[in-house]
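Student: I have a new structure to look at, and I would like to learn how its labels are earned. Could we go through it together?

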Amino acid sequence: MHIFYDTETVGTEEILQETLGVAQEVAEDIQKLKPNAVLETVKSCLPGLMNLGYRLLAVAVIVFIGTRIINYVQKFLSKTFERMEVELSLRKFLISLANVMMYMMLILIAADKLGINPTSVIAVIGSAGVAIALSLQESLSNFAGGIVILMMKPFKVGDYIVASGMEGTVTNIGLIYTNLLTIDNKSVVIPNGGLANSSITNVTAEKQRRLDFTVRISYESDLRKAKDILFEILDQHPFTQHEEGRMPEVVVSELGESAITLCGRAWVKTEEYWPLKFSVTESIKLQYDQAGIKIPYSQVYVTMEERASKKNTDY
């Protein structure tokens, strides 16, 4: 007599028995669970929840009060810089910098209330700052130069300056670059880093300038007459200023090898400097020609000798 067992049936029965065992254990655990145990669990977690709620409430209060203080400080700084006549671009930068620093302090205080160690946050921010500084070293140099220019004010928008081998009227002073407009209407952009470290000549910084004019006359010309004509041109010109200690004058500045050099000085308003210079230059030539005063100039004399060539007539 042979007995055959179905292997699939045996495996299914084993799985059912295990499932029933697990379900029975779960049912026993549920029956053992009592309301007192749940309450005890809640009570044990309640201090932690209350502490977390207190911290969140304290953070909310800190953030609310801190933002109000930051807004007040921002308005105060804006009015203060406006009264001090600080440049607009520098004013915006300083206010933005103050806002960033105050918000960082607010975040650190809030993080400390939540139990987060502020030292780790500062370390992360510092590391990120070093990495950014190394990657933007040249730009930061120009940025620092812009801050120096805006704070020290060696020039302002509208001034005519000579710096870094360029010259022109300042049209814009940014934090990174300064823009110039040349006389022939070309726009020049100069990095502030090099500009702050170079010599700057501000041509229009003062209201008045002194025009120094030199002219050479020959030794055969009448020296006194030449001086009188030059003085009259400068003294009677409508652009010449007549103030105490700033009167026009004409002097003999040099006795050269081939000419006498006269120097005329006259004070003029800065915006009338070039019109006076051009007008005086033309008047000197015209009046000196009428008075017979010669203005020498370099000449080259070439002497050529002709030599009779001798021909050999011998046969």
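**How the labels are earned**

Tutor: Happily! Buried residues make up 24% of the 315 residues in this chain. Keep in mind that the model is predicted.

Student: How many helices and strands does the chain have?

Tutor: There are eight helices and eight strands.

Student: Let's try some residues. Why is Asp159 called buried?

Tutor: Compare its value with the cut-off. Buried means under 20% relative accessible area. Asp159 has 6%, so Asp159 is buried.

Student: What makes Lys156 partly exposed?

Tutor: Partly exposed lies between the limits for buried, under 20%, and exposed, over 50%. Lys156 has a relative accessibility of 46%, so it counts as partly exposed.

Student: How do you know that Asp159 and Lys156 form a salt bridge?

Tutor: The label asks for a side-chain nitrogen of Lys or Arg within 4 Å of a carboxyl oxygen of Asp or Glu. Between the side chains of Lys156 and Asp159 the N to O distance is 3.4 Å, so the pair is a salt bridge.

Student: Why is the pair Asp212 and Arg210 called a salt bridge?

Tutor: The same reasoning works here. The N to O distance is 2.8 Å, and the limit is 4 Å, so Asp212 and Arg210 meet in a salt bridge.

Student: Are those two residues buried or partly exposed?

Tutor: Asp212 has a relative accessibility of 36%, so it counts as partly exposed. Arg210, at 38%, is partly exposed as well.

Student: What makes Arg265 and Glu249 a salt bridge?

Tutor: Their side chains come to 3.3 Å, N to O, which is within 4 Å, so they qualify. This pair links distant parts of the chain, with Arg265 in strand 8 (residues 260–269) and Glu249 in strand 7 (residues 249–255), 16 residues apart.

Student: Why are Arg265 and Glu249 called partly exposed?

Tutor: Arg265 has 24% relative accessibility, which is not under 20%, so Arg265 is not buried but partly exposed. Glu249, at 35%, also falls between the two limits, so it gets that label too.

Student: Which residues are linked in a network of salt bridges?

Tutor: Arg210, Asp212, Glu249 and Arg265 are linked in one.

Student: And how many salt bridges does a search of the whole structure find?

Tutor: Six salt bridges turn up, including the pairs we discussed.

Terms used. Residues numbered from 1 in each chain as written. Predicted model: local features only at pLDDT ≥ 70, side-chain atom pairs only at ≥ 80, totals over all residues. Heavy atoms only, no water. Buried < 20%, exposed > 50% of the residue type's maximum accessible area, 1.4 Å probe, protein only. Helix = DSSP H or I, 4+ residues; strand = E, 2+ residues; numbered from the N terminus.
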